[in-house]
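Reader: Please take one part of this model and go through it closely, then set it against the rest of the chain. Plain wording will do, with the cut-offs spelled out.

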Amino acid sequence: MKRLLCLVSIIVLLLVLPASRAAASVGDVDGDGTIDGYDAVLILRHDVGLITLEGPALTNADTSNDGEVDGYDAVLILRCDVGLISCEFGELVEGTVTDGSTPVPGAVVRLYNNNYSATTTTDENGYYSFSNVPPGTYFIVVSREGFVDQTKTVTVN
Ligand SMILES: [Ca+2]
Ligand SMILES: [Ca+2]
């Protein structure tokens, strides 16, 4: 009697992190490279409903890092603009998780080093972001069931 040899096919799918970067200072809502009164004005307009900030502009508008964009974030920008407080609000780390060219939603993305740890999940476009990240070098680990974990490093200046 021959023994059957079972072959277990293992499908290995790689998660790719092609667009991970540290960019766009928190506080610089219009993305012109400076944090000034105009950025505060944009936040106030958003707060009263005249405009709607979205994407990186919305993330960068939350200078207090409390998840809300409101008048207090504008106050922090004005204080930094006149020199009362530091304008170092941290950086935005963002990227996209793909399987080849297909965006991977629902992947868990962890950003960490010895002093910092944050976790998020990719959206339907495979996009993730971490706001107000202090300067330093970090590991980014992305994982999802059925995929092989991927790790890379990112430096926030
Ligand atoms: Ca600006
Ligand atoms: Ca805020």
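**One loop residue and its surroundings**

Author: Glu-145 is exposed, because 7 other C-beta atoms are found within 10 Å. A residue is called exposed if 12 or fewer other C-beta atoms lie within 10 Å of its own, buried if there are 20 or more, and partly exposed in between, with C-beta atoms placed from the backbone. The model is predicted: local features need pLDDT of at least 70, side-chain atom pairs count only at pLDDT 80 or more, and totals for chains, interfaces and linings use all residues. Residues are numbered from 1 along each chain as its sequence is written, while chains are lettered from A and ligands numbered from 1 in the order in which they are written.

Glu-145 sits in the loop that joins strand 9 to strand 10 (147-148). Strands are DSSP runs of E with at least two residues, helices are runs of H or I with at least four, and both are numbered from the N terminus. Along the chain, Glu-145 and Val-108 are 37 residues apart, yet 9.5 Å separates their C-alpha atoms.

Strand 6 covers residues 108-112 and pairs with strand 9 (residues 136-143) in the antiparallel sense, over five bridges. Two strands count as paired if DSSP finds at least two bridges between them. Within this pair, Leu-111 is opposite Ile-140 of strand 9. Both strands belong to an open sheet of four strands, in the order 7-6-9-11, with antiparallel pairing. At its edges are strand 7 (117-121) and strand 11 (150-156), each pairing on one side only. From one strand to the next, the twist averages 20°, with axes fitted as lines to C-alpha atoms (for helices, over the stretch in contact) and angles running from 0 to 180 degrees between N-to-C directions.

For contrast with the exposed loop residue, take helix 3 (residues 71-81): Asp-73, Ala-74, Leu-76, Ile-77 and Cys-80 are its buried residues. Seen down the helix axis, they fall within an arc of 155°, so they line one face of helix 3. That arc is taken over the directions from the helix axis to the C-beta atoms. The buried residues pack against helix 1 (37-47) and helix 2 (56-61). Just after helix 3, Gly-83 has a positive phi of about 90°.

The chain as a whole has three helices and eleven strands. Of its 157 residues, 31% count as buried. Contacts are pairs of residues whose C-beta atoms, placed from the backbone, lie within 7 Å. Among contacts between residues at least 6 apart in sequence, 58% join residues at least 24 apart.

Definitions and conventions:
Two residues are in contact if their C-beta atoms, placed from the backbone, lie within 7 Å.
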